[in-house]
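Here are my notes from a look through this one, jotted down as numbered points. Have the structure open while you read.

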Amino acid sequence: MEWKTHGERQIYTNPWVNLCLVDVQQPDGRRWEYHVVRLRHLAVAAVVNDRQEVLMMWRHRFITNSWAWELPMGLVEEGETPEEAAAREVLEETGWRPGPIKPLIYAEPANGITDSQHHVFRVNGATYDGPPTEKNESDRIEWIPLSEVRGMIDRREVVSSGSLVGLLYLLMDEGIR
């Protein structure tokens, strides 16, 4: 059953988010305006070293007033591919220069309200380049053994959807329980 779109209008816009009202018609014929949040797309990097550790950042998110571990991630800039954004974010946020990058998984974490696309990449290795240039991203940057990630998720020490999708797929891909 497919919904039909009859039009759309922006009710708020800025460089990061657009709030729109979309004139939709449901399969039963009901027609109404549906709120849609249009976001720039996100690139996420799961950097894994040869010791089976993943590079993570301990950070505070003021919106939920919570602390948690996250993978390096950020918005895809104009004219940039998701892969280029993932590499840039790893270096800016952690100070580690990423090794070879390959797509890991694609996700649309809240496609009932937003068109946000999450492009998650696996990065094989990294070389320390120096302190992060993004000073406001995290309190700590650490290499976490993949064998500890499942417990961290269970304890809600990892809650960001981009990080969860990437880590869970990585664990599944590696056969780690």
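**Notes on the model**

1. Let's begin with a single pairing: Gln10 has its bridge partner in strand 2, and that partner is Cys20. Keep in mind throughout that this is a predicted model.

2. Zooming out from that pair, strand 1 and strand 2 (residues 17–25) run antiparallel and are joined by 8 bridges. They belong to an open sheet of 3 strands, paired antiparallel in the order 1-2-3. Strand 1 (4–13) and strand 3 (31–39) each have a single partner strand, so they stand at the edges, and one side of each is left without a neighbour in the sheet. On average, neighbouring strands here are turned by 25 degrees against each other, direction ignored.

3. Next, helix 2, which covers residues 146–154 and has Leu146, Val149, Met152 and Ile153 buried. Why do these buried residues line one face of the helix? Looking down the axis of helix 2, they fall within an arc of 95 degrees, so they line one face. As a reminder, an α-helix has 3.6 residues a turn, so residues three or four places apart point the same way.

4. What covers that buried side of helix 2? The cover includes strand 4 (42–48), strand 5 (53–61), strand 6 (66–70), strand 12 (140–145) and helix 3 (161–174). The face turned away from the buried side carries Ser147 and Asp154, which are exposed. After helix 2 comes Arg156, with a positive phi near 60 degrees.

5. Glu53 deserves a look too. This residue is found in strand 5 and, because its relative accessible area is 15%, under the 20% cut-off, Glu53 counts as buried. Its side chain makes polar contacts with the side chains of Asn49, at 2.8 Å, and Arg51, at 3.0 Å. Leaving aside residues up to four places away in sequence, Glu53 touches Val47, Val48, Trp143, Ile144, Pro145 and Leu146. Leu146 is also one of the buried residues of helix 2.

6. Last, a loop residue: Pro109 lies between strand 9 (101–107) and strand 10 (118–124). Is Pro109 buried, exposed or partly exposed? Its relative accessibility is 40%, so Pro109 counts as partly exposed. Not counting residues up to four places away in sequence, Pro109 touches Ser116, His118 and Ser161. Pro109 and Gly162 are 53 residues apart in sequence, but their C-alpha atoms are 7.9 Å apart in space.

Methods:
Residues are numbered from 1 along each chain as its sequence is written. This is a predicted model: local features need pLDDT of at least 70, side-chain atom pairs count only at pLDDT 80 or more; totals for chains, interfaces and linings use all residues. Side-chain values use heavy atoms; hydrogens and water are left out. Helices (H or I, at least four residues) and strands (E, at least two) are DSSP runs, numbered from the N terminus. Buried means under 20% relative accessible area, exposed over 50%, partly exposed in between (1.4 Å probe, protein chains only). Contact means heavy atoms within 4.5 Å. The arc is that of the directions from the helix axis to the C-beta atoms. A polar contact is a pair of N or O atoms within 3.5 Å; within protein, one must be able to donate a hydrogen and the other to accept it, and residues adjacent in sequence count only if both atoms are side-chain atoms. Two strands pair if DSSP finds at least two bridges between them. Axes are lines fitted to C-alpha atoms, for helices over the stretch in contact, and angles run from 0 to 180 degrees between N-to-C directions.
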